[in-house]
Amino acid sequence: MKKIILGSLISVITMGSSFAACTYNFDASAAQIAQLTDSSVDRFPIVNNQKVAFNIIAKDGVKGYAAYSSSYAATRISGGEDGDIAIPTSGIFAYEYKIKVPTNLLNGEEALLFAPLAAFGTLNNENTQAITLAYSNNTSTNPNKNEFRLFMNMSGNSFDMPVVTTASGYQTIGIYVNMNTGQVGVVHNGVNKGYVTSITKAFNRLAFANLVGQYNFANNSSYLGQEISIELITDSTKLQNTYPQGTKDICGTTL
């Protein structure tokens with residue numbers, strides 16, 4: 001009986017270790033980020049694995065924050081562009097963002113802009129495209145709007161999604177990519193919007209980055225101290241939205 005119990009425990013432990021969590025850590029150092037950005041950009045003051053955050057401060061002009069994985073940052077510093085994680089090359093894969101931002105339009109010259117983006121590399125270590133989820137609130141390039149925009153390569157037509165009040169206080173956006181058809185779909189706060197754009201070329205690796213900037217928050221701004229956070233969700237057990245049948249996480253595990 002003891003042998004049976006011991007054998008069962010060993011089987012459970014072995015099975016458990018074979019299903020490692022699908023993670024992506026924003027562990028690039030401040031020194032690495034300094035080599036990739038300018039003096040107005042720092043490492044996010046709050047980094048907790050796949051979640052990064054900062055609190056709005058009083059400052060004229062721009063204050064920026066960035067987050068990369070250390071391996072991707074090292075690749076970029078050395079002149080490379082390829083992603084640092086292998087992804088499924090067929091079928092559909094998905095990832096999500098859980099984001100906390102102001103739900104109303106900012107005042108006067110106050111502005112927030114960020115682009116959590118997935119930069120994709122090809123088999124030939126070539127950076128060919130980026131599926132970009134951008135957020136803008138009262139920016140000069142998108143004035144009087146508080147919204148998310150999903151588009152390819154930081155240019156061209158975008159699919160726009162308004163920021164709305166939610167029970168959780170967070171915005172949730174799921175992105176799924178059909179590698180067979182080249183289509184990119186989006187789920188906005190639980191509502192599947194279907195395929196809204198397309199990738200321009202097949203790829204097999206990706207890297208994530210978070211880039212955020214705040215602009216002109218005065219000493220008496222009502223937003224001072226408010227937390228702005230972005231959490232990337234990649235593991236099949238943590239993805240909350242409903243996706244097409246057979247969708248996998250970025251590591252290849254079916255949801």
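**Exercise 1. In what order do the seven strands of the open sheet stand?**

Solution. Keep in mind as you work that this is a predicted model.

Step 1. Walk across the sheet strand by strand: the order is β2-β3-β16-β6-β12-β13-β14, and the pairing is antiparallel. As general background, strands of a sheet pair through backbone hydrogen bonds, either parallel or antiparallel.

Step 2. Now look at the two ends of that order. The edge strands are β2 (46-48) and β14 (191-198), and each of them has a pairing on one side only.

Step 3. Add the twist: from one strand to the next, it averages 15 degrees.

**Exercise 2. Find the bridges that link β2 to β3, and β6 to its partners β12 and β16**.

Solution. Let's begin at the β2 edge.

Step 1. β2 pairs with strand β3 (residues 51-55) through three bridges, in the antiparallel sense. You can locate one residue pair here: Val47 has Val52 in β3 as its bridge partner.

Step 2. Move to β6. Eight bridges connect β6 with strand β12 (residues 171-178), and the two run antiparallel. To see this on the model, find Ile92, whose bridge partner in β12 is Asn178.

Step 3. Turn to β16. Five bridges join β16 to β6, again with an antiparallel run. Here Lys100 stands opposite Ser229 in β16.

Step 4. Check how well β6 is covered. Strand β6 covers residues 92-100, and seven of its nine residues are buried.

**Exercise 3. Which two cysteines form a disulfide, and which parts of the chain do they tie together?**

Solution. A disulfide is a covalent bond between the sulfur atoms of two cysteines.

Step 1. Search the whole structure: one disulfide turns up.

Step 2. Name the partners. They are Cys22 and Cys251, with their sulfur atoms 2.1 Å apart, which fits the cut-off of within 2.5 Å.

Step 3. Describe the geometry. The angle about the S-S bond is 85 degrees, and the link of Cys22 and Cys251 is right-handed.

Step 4. Place both ends. Cys22 sits in the loop between α1 (2-18) and α2 (30-36), while Cys251 belongs to the segment after β16 (227-233), so the bond ties together parts 229 residues apart in sequence.

Step 5. Compare the surroundings. Buried means under 20% relative accessible area. Cys22 has 3% relative accessibility and therefore counts as buried. Cys251, with a relative accessible area of 42%, is partly exposed.

**Exercise 4. Where do Asn144 and Asn189 lie, and are they buried, partly exposed or exposed?**

Solution. Take the residues one at a time.

Step 1. Asn144 belongs to strand β10 (residues 142-152). Its phi is near 60 degrees, a positive value in a residue other than glycine.

Step 2. Exposed means over 50%. Asn144 has 60% relative accessibility, so this residue counts as exposed.

Step 3. Asn189 lies in the loop between β13 (183-188) and β14. For Asn189, phi is near 50 degrees, a positive value in a residue other than glycine.

Step 4. At 24% relative accessibility, Asn189 counts as partly exposed.

**Exercise 5. How many helices and strands does the protein chain have, and what percentage of its residues is buried?**

Solution. Zoom out to the whole chain.

Step 1. Count the elements: there are three helices and 16 strands.

Step 2. Turn to burial. The chain has 255 residues, and 45% of them count as buried.

Step 3. Finish with the surface. Its accessible area is about 12,300 Å², with 52% belonging to carbon and sulfur atoms.

Definitions and conventions
Residues numbered from 1 in each chain as written. Predicted model: local features only at pLDDT ≥ 70, side-chain atom pairs only at ≥ 80, totals over all residues. Heavy atoms only, no water. Helix = DSSP H or I, 4+ residues; strand = E, 2+ residues; numbered from the N terminus. Buried < 20%, exposed > 50% of the residue type's maximum accessible area, 1.4 Å probe, protein only. Areas by Shrake-Rupley, 256 points an atom, 1.4 Å probe, with all protein chains shown as cover. Pairing = 2+ DSSP bridges. Axes fitted to C-alpha atoms, helices over the stretch in contact; angles between N-to-C directions.
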